[in-house]
Amino acid sequence: MRRPERLAVSLREQITEIVGYELDDPRLIAVTVTDVKVSPDSRDAKVFVVIEGDEEEIKGAMKALHNAEKFVRSQVAMSLNIHHAPHIHFARDTVEERAGRL
């Protein structure tokens with residue numbers, strides 16, 4: 001397994017913990033981290049999330065996640081003991097949502 005792939009697995013585990021237990025925002029209760037894709041140079045990480053709720057709740061949760069990106073990055077750097085943590089970018093995972101509707 002290449003370094004970006006190993007990093008993606010570790011990031012997914014850590015970000016799931018951070019979003020689930022360290023962020024005290026009520027808009028993030030129904031957020032589930034589904035996947036993390038790390039760029040080949042390990043500078044950026046796209047974090048895919050599924051959010052339960054109506055469109056307004058989803059928009060609120062995405063806004064809260066975007067506001068927390070720097071905090072999540074710093075927590076990941078401390079938890080994984082890496083000097084240069086990738087920039088975190090949250091994105092909605094619509095594939096899982098569409099599959100759930102079928």
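Lys46 stands opposite His89 in strand 3, and I begin with that pair as a way into the sheet of this predicted model. Strand 2 and strand 3 run parallel to each other and are joined over six bridges. On the pairing of strand 1 with strand 2, the sense is antiparallel, and the count is seven bridges. Within the antiparallel pair, Val31 has Ile51 of strand 2 opposite.

Taken as a whole, the sheet is open, has three strands in the order 1-2-3, and shows mixed pairing. Strand 1 and strand 3 are the edge strands, each with a single partner, so one side of each has no neighbour in the sheet. The average turn between neighbouring strands, with direction ignored, is 30 degrees. As a general reminder, strands of a sheet pair through backbone hydrogen bonds, either parallel or antiparallel.

Let me turn to the helices. Helix 1 lies across strand 1, strand 2 and strand 3, and runs at about 155 degrees to strand 1. Helix 2 also packs on the sheet and touches strand 1, strand 2 and strand 3. The direction of helix 2 makes about 175 degrees with that of strand 3.

Which residues have the most contacts inside the largest nonpolar core? They are Ile15, Val49, Val72 and Phe90, in a core of 26 residues. Two or more residues of this core come from each of helix 1, strand 1, strand 2, helix 2, helix 3 and strand 3. Helix 1 is the greatest contributor, with six residues. In general terms, nonpolar side chains of soluble globular proteins tend to be buried together.

Val49 deserves a closer look. Setting aside residues up to four places away in sequence, Val49 touches Val31, Thr32, Val33 and Thr34, then Met62 and Leu65, and also Phe90, Ala91, Arg92 and Asp93.

A second residue to consider is Leu11, placed in helix 1, which spans residues 3–22. Is Leu11 buried or exposed? Leu11 is buried, because its relative accessible area is 0%, against a limit of 20% for that class. Beyond residues up to four places away in sequence, Leu11 touches Val36, Val38, Ala45, Val76, Leu80 and Pro86. By way of a distance for orientation, the C-alpha atoms of Leu11 and Met62 are 19 Å apart, with their positions 51 residues apart along the chain.

Val36, one of the partners of Leu11, belongs to strand 1. Val36 is likewise buried, with a relative accessible area of 4%. Apart from neighbours within four places in sequence, its contacts are Ala8, Leu11, Arg12, Ala45, Lys46 and Val47. The C-alpha atoms of Val36 and Ser10 are 9.3 Å apart, although these residues are 26 positions apart along the chain.

I now move to the connection between strand 1 and strand 2. This hairpin has five residues between the strands, and Ser42 takes a positive phi near 60 degrees there. Ser39 is found in the same loop, between strand 1 and strand 2. At 18% relative accessibility, Ser39 counts as buried, because the limit is 20%. The side chain of Ser39 makes a polar contact of 2.6 Å with the side chain of Asp41. A polar atom of the Ser39 side chain also lies 3.3 Å from the backbone nitrogen of Arg43. Outside four places in sequence, Ser39 touches Pro4 and Asp44.

Asp41 and Arg43 are themselves joined through their side chains in a salt bridge, at 3.8 Å from N to O. Asp41 is partly exposed at 48%, whereas Arg43 counts as exposed at 57% relative accessibility.

How many salt bridges does a search of the whole structure find? The search finds four, among them the one just described. Another joins Arg92 and Glu55 at 3.2 Å, N to O. That pair links distant parts of the chain, with Arg92 in strand 3 and Glu55 in helix 2, 37 residues apart. Both are partly exposed: Arg92 at 27% and Glu55 at 42%. Arg92 is also among the contacts of Val49.

Finally, Asp25 forms a salt bridge with Arg27, and the closest N and O atoms are 2.8 Å apart. Asp25 is partly exposed, with a relative accessible area of 22%, and Arg27 falls in that class with 38%.

Technical notes: Residues numbered from 1 in each chain as written. Predicted model: local features only at pLDDT ≥ 70, side-chain atom pairs only at ≥ 80, totals over all residues. Heavy atoms only, no water. Helix = DSSP H or I, 4+ residues; strand = E, 2+ residues; numbered from the N terminus. Buried < 20%, exposed > 50% of the residue type's maximum accessible area, 1.4 Å probe, protein only. Contact = heavy atoms within 4.5 Å. Core = buried A, V, L, I, M, F, W, Y, C linked by side-chain atoms within 4.5 Å. Polar contact = N/O pair within 3.5 Å; in protein donor to acceptor, adjacent residues only side chain to side chain. Pairing = 2+ DSSP bridges. Axes fitted to C-alpha atoms, helices over the stretch in contact; angles between N-to-C directions.
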